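Have the model open in your viewer and your selection tool ready. We will go from one selection to the next, with a short look at what each one shows.

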Amino acid sequence: MIEIIIYGRGGMGAVTAGKILAEAAILSENYPEVSAFPSFGTERRGAPVMAFCRISDEPIWTRAQIKQADYVIVLDETVFEDHVIDRIKTGGALILNTWQCPEDVRKKYNFGNRKITIVTADLTQIAFDLKLLNRENQPIVNTSVLGVIAKSSIKISLEDAKNAIENKFGKSKKTDLNVKAAGMAAEQALVEEVK
Amino acid sequence: MVKKIVITGNHAAAYACKSAGVEVVAAYPITPQSPVVEKISEFVEAGEMTKSNTQFVCVESEQSAISAVIAASATGCRVFTASSANGLAYMFELLCWAAGSRLPVVMCIAMRGLGAPWTVWTDHQDAFSVRDVGFMQQFVESNQEIYDTVLMSYRIAEDPRVYLPAFVSYDGYILSHTMMPVQIEDDDKVSKFLPTLKPHTDLTNMGTRPGLNPVTPPDLTVRPEGNTPGYYEFRYSMQKAHENAFEVIEEAARDFAKIFGRSYGNGIYKAYKADDAEILIFAVASVASESRGVVDRLREEGLKIGLISLKLFRPFPVKYLREAFSKANLVVVFDRDIGYGYEGILAYEIKAALYPSENRPIIRGFIVGLGGRDITPEDLIGGVKKAVSEKDDRNVQLATHTDFIGLKLDQLGFKKGGN
């Protein structure tokens, strides 16, 4: 079982990202069992939010929140603090939406000696470049992040990610833009592995 | 082959209504149940429920919602409603009415703690608070089980041996808002399992239908055309219907497995690694599903432990549970509810059920996770280990206090009470 926590701010679509990820996992046929759920708060726009996702090839019976995850995805760097690093399992990975490269992220935050793979991609810039904006002209990053996931060791392909995005939003020009952003994110993602 | 779709528990309930060809839906939204109502109204609006000419009745309260489905059910329609916590409490009077009128209403409860203090998160208090209204009551562990149990409930409730309303209860948020893969079945296949409703209510014969005549006297009414029952006989027949339900439920579970290839134990309880177990966990819904991983982990430590996950709470399957617990010497009960002033509701129910058993086990109850406090595997493992280590301690056996797991009193500056 792979456990994933997604951090974001209310309105960014962290919960939706979890749902699309679950859908993509099913489509991949590598993970026939999934569960995706929000942190069950009474969410407010702009406040830090968490979403959880489990994907597995065996039935998932736990319903508890994820304390430490194999993958922690952070959609907004302003919610990323040292305590978020504690939520990553040793041997796990951080996927961070930032303009910085993994080496700089490692220097900037307190990773200690923990064996954590850092993956970065500037999803915000990709969204601005493609004019992939929501109704409030905020960049949309919760779909492009699927492209980064497709580049990670999770066995979900970019094709699965694209299909999951299309299933979720239906076919439209806007959906195509989301899919394109996911492709660009997959190309641009930087991975620094720790031996 | 029909593909699985990834949906929330609430949407699984809505899809079940669609598959079952429900004809009248009336519900009033309340967190965490609201998406059930929203999804059904979407289906109706989009013309996806035209086959049964489904009517969605907008109402101004939960009391009206249950009233509307009672009225529709009395005219012979297949009906559905859903609620949570305080909304369910507001239905109370009419729940008794639905059961007393022997109407096969099927209703979902997206379980939530009752205020005050105000909470929107899960516990099982709301479902247990309507224990004695006369509904059959089922608890489920997954979104697929929500869909499947709603389908099974119509078949059971509408069986002439039963004619009782049924609750299908699932944890708010934990299932209601969690996406899981669910297999939605073809209508043709569903109709093989679930025949068309044959209404049993004869509105032209006011004398013999409970709930329709102005008042039912305590004793028989003697009439030249035949005697009619008193209130007492009506209530006796309701108890008999509950007793009849067991065989109907087992039949439904067997047929369901045959047609759809999925099963939930015997439809009454689900046993997990229970065959050789000396220790058995007893729980429902989210607590039961969390316990499965706990059983696996404790088995690795060499404990002979298993789980009895209760699916059917009313009628209470005493005979089945005596058999299920016949080889255990310790039963650990985790209640996400409490009978205030006594102890966990499942704990005292199982104690009463096993009282006449020949080798009755030690039964230890714990309260967990009220108002949505996260229940971790470690919480449950701690409970099991405590129960094991104190099993033969006579003082613990005689103790009358209730144990709570996961309280954080020390962080509030309180002294821990009750020990």
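Start by selecting strand 5 of chain B, which is covered on both faces. This is a predicted model, so keep that in mind at every stop. Show the side chains: Val106(B), Cys108(B) and Ala110(B) are buried on one side, and Met107(B), Ile109(B) and Met111(B) are buried on the other. In a regular strand, side chains alternate between the two faces of the sheet. The strand covers residues 106-111, and six of its six residues are buried.

Now add the strands that flank this one. Which strand pairs with strand 5 of chain B over four bridges? Select residues 79-83 and you have strand 4 of chain B, running parallel to strand 5. A good place to check the register is Thr81(B), which stands opposite Met107(B). Next, select residues 166-171, strand 7 of chain B, which is also parallel to strand 5 and is joined to it by six bridges. Here the pair to look for is Val106(B) opposite Ala166(B).

From the strands, move to helix 2 of chain B, residues 34-45. Its twelve residues reach 16 Å from the first C-alpha to the last, close to the expected 16 Å. Colour its buried residues: Pro35(B), Val36(B), Val37(B), Lys39(B), Ile40(B) and Phe43(B). An α-helix has 3.6 residues a turn, so residues three or four places apart point the same way. What covers the buried residues of this helix? Among the covering elements are helix 1 (9-20), strand 2 (24-26) and strand 3 (55-57) of chain B, and you will also meet strand 4 and strand 5 of chain B again. Just past the helix, pick Gly47(B), whose phi is positive, near 75°.

Helix 1 of chain B makes a natural next selection. Like the previous stop, helix 1 has twelve residues, with a reach of 16 Å between its first and last C-alpha, close to the 16 Å expected. How many of the residues of helix 1 of chain B are buried? Twelve of its twelve are. The buried set includes His11(B), Tyr15(B) and Cys17(B), and Lys18(B) is in it too. Right after this helix comes Gly21(B), with a positive phi of about 65°.

Zoom out to take in the domains. Chain B is divided into domain 1 (4-193) and domain 2 (269-412), and their centres, taken over C-alpha atoms, are 28 Å apart. Where the domains touch, 22 residues of domain 1 of chain B are in contact with 19 residues of domain 2 of chain B. On the domain 1 side, helix 6 (125-129), strand 6 (136-139) and strand 7 of chain B each supply at least two residues. Strand 6 of chain B gives the most, with four residues. Colour that side by class and you will find nine nonpolar, nine polar and four charged residues.

Bring chain A into view for the next stop. The contact between the chains takes 21 residues from chain B and 17 residues from chain A. To see the chain B side, select strand 1 (4-7), strand 8 (180-183) and helix 10 (285-300), which each give two or more residues. Which element of chain B gives the most to this side? Helix 10 of chain B does, with five residues. By class, the chain B side has ten nonpolar, seven polar and four charged residues.

Now select chain A alone. Count its elements and you should find seven helices and seven strands. The radius of gyration of chain A is 15 Å, close to the 16 Å that the globule rule gives for 195 residues, so chain A is as compact as a globular protein of that length. Its C-alpha atoms fill a box of roughly 45 × 40 × 35 Å along the principal axes. Buried residues make up 49% of the chain.

Finish at Glu77(A), in the loop between strand 4 (69-74) and helix 2 (82-85) of chain A. This residue is partly exposed, with 17 other C-beta atoms within 10 Å. Leaving aside residues up to four places away in sequence, Glu77(A) touches Leu96(A), Asn97(A) and Thr98(A). For a last distance, pick Asp129(A): Glu77(A) and Asp129(A) are 52 residues apart in sequence and 19 Å apart in space, C-alpha to C-alpha.

Terms used. Residues numbered from 1 in each chain as written. Chains lettered and ligands numbered in written order. Predicted model: local features only at pLDDT ≥ 70, side-chain atom pairs only at ≥ 80, totals over all residues. Rg over C-alpha atoms; globule rule 2.2 N^0.38 Å. Buried ≥ 20, exposed ≤ 12 C-beta atoms within 10 Å, placed from the backbone. Pairing = 2+ DSSP bridges. Contact = placed C-beta atoms within 7 Å. Nonpolar A, V, L, I, M, F, W, Y, C, P; charged D, E, K, R; others polar. Expected span 1.5 Å × (residues − 1). Domains from an automatic or database assignment.
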